[in-house]
There are 4 protein chains.
Amino acid sequence: MSGTRSRRMPTQARSKATVEVILQASAQVLKREGWARLSTNRVAKVAGVSVGSLYQYFPNKEALLVALVRGHAERQLSTLSEHLIGLQDAPLEQLVPTTVRALLAAHRVDPELHRVVAGEIPPMDALAEIRSVQDHFAALLSMELKRRRHEIREVDIELAVFVLISTVEAITHGAVLRHEQFLDDRLIEETSLLVLRYLER
Amino acid sequence: MSGTRSRRMPTQARSKATVEVILQASAQVLKREGWARLSTNRVAKVAGVSVGSLYQYFPNKEALLVALVRGHAERQLSTLSEHLIGLQDAPLEQLVPTTVRALLAAHRVDPELHRVVAGEIPPMDALAEIRSVQDHFAALLSMELKRRRHEIREVDIELAVFVLISTVEAITHGAVLRHEQFLDDRLIEETSLLVLRYLER
Amino acid sequence: MSGTRSRRMPTQARSKATVEVILQASAQVLKREGWARLSTNRVAKVAGVSVGSLYQYFPNKEALLVALVRGHAERQLSTLSEHLIGLQDAPLEQLVPTTVRALLAAHRVDPELHRVVAGEIPPMDALAEIRSVQDHFAALLSMELKRRRHEIREVDIELAVFVLISTVEAITHGAVLRHEQFLDDRLIEETSLLVLRYLER
Amino acid sequence: MSGTRSRRMPTQARSKATVEVILQASAQVLKREGWARLSTNRVAKVAGVSVGSLYQYFPNKEALLVALVRGHAERQLSTLSEHLIGLQDAPLEQLVPTTVRALLAAHRVDPELHRVVAGEIPPMDALAEIRSVQDHFAALLSMELKRRRHEIREVDIELAVFVLISTVEAITHGAVLRHEQFLDDRLIEETSLLVLRYLER
DNA sequence: TATGAATGAGTCTTCATTCAT
DNA sequence: TATGAATGAAGACTCATTCAT
């Protein structure tokens, strides 16, 4: 049985390796040249496989992007999760900085890729599902604010969620991608202050 | 002299009109089809001129975008200026909401164009100069915060400027382009509250 | 005025010449290699123009075929017309052979092209209109048979039209394309005999 | 011996089954998608075998078509034969309608396949042998007419054979594939009338 | 200056065929 | 023998740019 498996493994391994090498090449081209310059032939060449192989695993050019973005989103999410474990009952004064830190970490997962993905991808149906990640985070935040309603001032939760998410996302995004000079604990303190003061009674 | 001039004027006027019609066609195509689908031939056709004429006024495709973005930035800036006249000595409590309002107005100058320009333009050297608009605004804010140093808490000005600009830009951008349901006075109040609480001692 | 025209003529003439050369190349490739081997790049190369030029005049590969077929159908129809002028009141014994002769002539307009077009073109919406030529001829025949109802035996006109058109088309087609040895007056006589005997009381 | 055989039989049987499943898949794809969209990979997938297996039994794409067409021709021929048994001495008035009926039956063996094969297959050397079926039938008809020389008018037999075969083939083909509304006994009567009148003294 | 015909490299994608396992 | 991953030439089509008129 292990014999069969070991006989088949190489095949599966080869496929997996090919997919992997294609994705890496895609990421590389995407980061270095941008979405507009990413072509399937180019990716294949960089990956060292034939275009045919690429199309064996990805039905079209968009699929490359989708796979890349999905992978990135997953890695971001797990980074986020790791940072946020066991904080449900922490006071806001601890929860907020930790969350900011977590978002910064998530942004640092692959900043180059994030820059391209966040910056120059035309609206694409295939990516719609990905955006749900943000919506998911928004929903979580909404629930959390409702749970802690007594800790904060009276406010339209939906509006506050929009304000806070826009805010923190912009700050972390900007710091990681354009202003690394601000990337230190002071940024976290300032951002946390911004959020805490905004929420407090 | 007036002879020469009158002989030339029509020509210059015609040139200007041609440039204008090309830019409008570019904007139209850009908004409707996106940067990827914008082609010089299509723009020329929509503009009702020949490709040749287009290339007479714009050396290449990028030049169209640059002109468009420059024009848009100028219109945004003047909108901003109009809203901010005579506020030098206003108290923060008045200055901040007005500024937020001004930024929202600037974002509404041509949201469709802004969406495309902000969202799916590949990094382009030619557009670097445009970013100076933001830098310009940052510098202004920086000066203003220094002037009002006594009104606010002690803080690293550069860092605060980064935080505030990221924040307000993200909120206005998001509200205009993705969350129109928040586009009302409450948004301005919340945003102002965010900023004022962040700055106060 | 003629000056303007003569200045513009060259341009129009160039376009026309390009279209013509493309169509000729298409016909050549189609006859020599068949529809399956006809590619736009190949046609362009044979025509001595760039693919781009081809696409300036023909929106896609099918359009080449449509233009070719349309032209061929027109040439066939005018050949047919020439042969059938002034026969409205001729007796059947004269009308039938003349029509057979006319159909043979029509089939000889460009037999090679006809072979390909009639033989190996997959069903294509764009060609549907062309098939109306046959329907047109069927309608004419139908009318004629009704007009001459008294000269022929009682018969379901629609059925007879189907039988006759299938028949004569097959004979002329086969004679021109596969059995040139039969291409003489005896074929016309035999075919006419077939038709006349079929119709007579 | 039975040992060897029983050891081999399964293998041979499996081969046969594989060939069969491939051919059926080919036919299916051919009918549903046309010759242009028939690809060896697709056929293999539909057949549930690997491309490699396909190439084990068919050296190239054409071979699929050849096998398919050959099988179809054989089925058509046997249909024809079944209908024509024991008619050698029947009078023309009986022989002709029966033959027409037989040809119609042959055309109905697999009209979908016939439509594709007759309609959109590029000229292919490998299919030349198949055309011999028609030639075979022509030879039979030729002999028959010679045998019955006294029953019919004087005529160039070869010419008459060409006329008759073209005619009846076109009618049956057209009726089955494009004009089912004519597919009834009246069609057989009319066609027989056409033939009989053509041949009678 | 304006025109628009022409160019051709480059893009996405398909598919017959091979070959290592 | 079977498998299916891999190959890469070829095809349809686009578009920035040039240049003769």
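How much area is buried between domain 1 of chain A and domain 2 of chain A, and what percentage of it do carbon and sulfur atoms give? The buried area is about 560 Å², and carbon and sulfur atoms give 74% of it; buried area here is the accessible area (1.4 Å probe) that two parts lose on being put together, summed over both.

The views show a predicted model, in which local features need pLDDT of at least 70, side-chain atom pairs count only at pLDDT 80 or more, and totals for chains, interfaces and linings use all residues. Residues are numbered from 1 along each chain as its sequence is written, chains are lettered from A and ligands numbered from 1 in the order in which they are written, and side-chain values use heavy atoms, with hydrogens and water left out.

**View 1. The two domains of chain A.** Chain A is divided into domain 1 (1-58) and domain 2 (69-199), with bounds from an automatic or database domain assignment. Their centres, taken over C-alpha atoms, are 32 Å apart. Domain 1 brings 5 residues to the contact and domain 2 brings 8 (contact means heavy atoms within 4.5 Å). Of the area that domain 1 buries against domain 2, 86% comes from Leu30(A), Lys31(A) and Trp35(A), more than from any other three residues.

**View 2. The salt bridge between the domains.** The interface of domain 1 and domain 2 of chain A has 1 salt bridge (a side-chain nitrogen of Lys or Arg within 4 Å of a carboxyl oxygen of Asp or Glu). Lys31(A) and Asp110(A) form a salt bridge through their side chains, at 3.2 Å from N to O.

**View 3. The surface near DNA strand F.** A residue is near the strand if one of its heavy atoms lies within 4 Å of it. There are 33 residues around DNA strand F, and Thr18(A), Tyr57(A), Thr40(B), Thr40(C) and Ser53(D) come nearest. Of the strand's atoms that come within 4 Å of the protein, 59% belong to sugar and phosphate.

**View 4. Backbone atoms at the phosphates of DNA strand F.** In chain B, a backbone N or O atom of Thr40(B) lies 2.6 Å from a phosphate oxygen of the strand, and a backbone N or O atom of Leu38(B) lies 3.3 Å from a phosphate oxygen of the strand. In chain C, a polar backbone atom of Thr40(C) is 2.8 Å from a phosphate oxygen of the strand.

Conventions. Polar contact = N/O pair within 3.5 Å; in protein donor to acceptor, adjacent residues only side chain to side chain.
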